[in-house]
Amino acid sequence: SGDEKNLSRKVERLYRCRKIQDVLEIVSEAMREYEAYISEQEEGFRREISTVKSYIHYHYGEKNIGPETLAAQVYLSPGYLSTIFKDETGVTLNRYIREVRMNKAKELLEGTNMKIAQIAKKVGFANSSYFCRSFREFFGMSPDSCRKGKTDEETDQDI
């Protein structure tokens with residue numbers, strides 16, 4: 001109904017136009033909006049997916065972020081959101097959350113002197129040993145090695 005009201009207002013504006021230039025401006029504006037809509041559709045990302053991705057980027061540090069929380073943000077069921085998220089992005093919702101958290105953790109390890117336990121908590125992990133295991137699985141190196149700028153193989157050779 002919001003789109004219908006918007007369309008009705010534009011039609012009313014067209015009827016009130018006294019000059020062709022005013023008509024051309026209204027039509028040009030409508031064409032820009034339509035092109036933006038088509039571009040969004042071609043990219044394949046539904047509005048809900050963009051909203052969810054944005055929410056994840058702002059709330060990655062929360063422990064309870066998951067399909068239920070995210071689905072509530074866009075008024076979809078968790079199962080349906082998980083399905084369309086996977087279809088649109090090619091990765092599962094949980095994998096995407098993990099990628100965001102791990103990339104932020106790596107950024108913090110390389111750019112700050114925060115303790116690993118603090119970083120783990122900041123990116124949404126309650127347990128720092130689980131964080132370390134997940135980090136190693138994700139990047140193929142420990143958080144400590146990442147901070148030092150070495151891979152695990154280089155670290156093993158130093159020993």
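In this predicted model, helices α3 and α6 cross in a right-handed sense. Helix α3 covers residues 47–59 and helix α6 covers residues 93–111; their axes come within 10 Å and cross at roughly 40°. On the α3 side the meeting residues are V52, K53, I56 and H57, and on the α6 side they are L93, Y96, I97 and V100. Sorted by class, the residues of this contact comprise six nonpolar, one polar and one charged.

Helix α6 also takes part in a second packing, this time with helix α8. The axes of α6 and α8 lie 11 Å apart, and the two helices pack at an angle of about 100°. That angle makes α6 roughly perpendicular to α8, since values from 65 to 115 degrees fall in that category. From α6, the contact draws on R95, R98, E99, M102, N103, A105, K106 and L109, while α8 supplies F131, S134, F135, E137, F138 and F139. The class breakdown for α6 with α8 is seven nonpolar, two polar and five charged residues.

One of the α8 residues in that contact, S134, can be followed a little further. Helix α8 runs over residues 128–139, and S134 sits within this stretch. With a relative accessible area of 5%, S134 is buried, because the cut-off for that label is under 20%. Leaving aside residues up to four places away in sequence, S134 touches R98, M102 and F125. Of these neighbours, R98 and M102 also appear on the α6 side of the contact between α6 and α8.

Attention can now turn to helices α4 and α5. Helix α4 (residues 67–74) packs against helix α5 (residues 78–89) at an angle of about 90°, and their axes are 8 Å apart. The pair is therefore roughly perpendicular. P67, E68, L70, A71 and V74 of α4 make this contact with P78, L81 and S82 of α5. By class, six nonpolar, one polar and one charged residues are involved in the contact of α4 with α5.

Within this region, E68 belongs to helix α4 and is among the residues that α4 brings to its contact with α5. E68 is nonetheless exposed, having a relative accessible area of 56%, and the label applies because the value is over 50%. Across the chain, E68 and G79 are 11 residues apart, and their C-alpha atoms are separated by 8.8 Å.

The loop between α4 and α5 holds a residue with a backbone feature worth a look, Y75. Most residues other than glycine have a negative phi. Y75 is not a glycine, yet its phi is positive, at about 60°. Y75 also counts as exposed, at 75% relative accessibility.

A final point concerns the cysteines. A disulfide is a covalent bond between the sulfur atoms of two cysteines. How many disulfides does a search of the whole structure find? The search returns zero. As for the surroundings of individual cysteines, C17 is buried, with a relative accessible area of 18%. C132, by contrast, counts as partly exposed at 27% relative accessibility, because that label is given to values in between the buried limit of 20% and the exposed limit of 50%.

Conventions
Residues numbered from 1 in each chain as written. Predicted model: local features only at pLDDT ≥ 70, side-chain atom pairs only at ≥ 80, totals over all residues. Heavy atoms only, no water. Axes fitted to C-alpha atoms, helices over the stretch in contact; angles between N-to-C directions. Helix = DSSP H or I, 4+ residues; strand = E, 2+ residues; numbered from the N terminus. Parallel < 35°, antiparallel > 145°, perpendicular 65-115°, else oblique. Contact = heavy atoms within 4.5 Å. Nonpolar A, V, L, I, M, F, W, Y, C, P; charged D, E, K, R; others polar. Left-handed = near helix turned anticlockwise from the far one by under 90°. Disulfide = S-S within 2.5 Å. Buried < 20%, exposed > 50% of the residue type's maximum accessible area, 1.4 Å probe, protein only.
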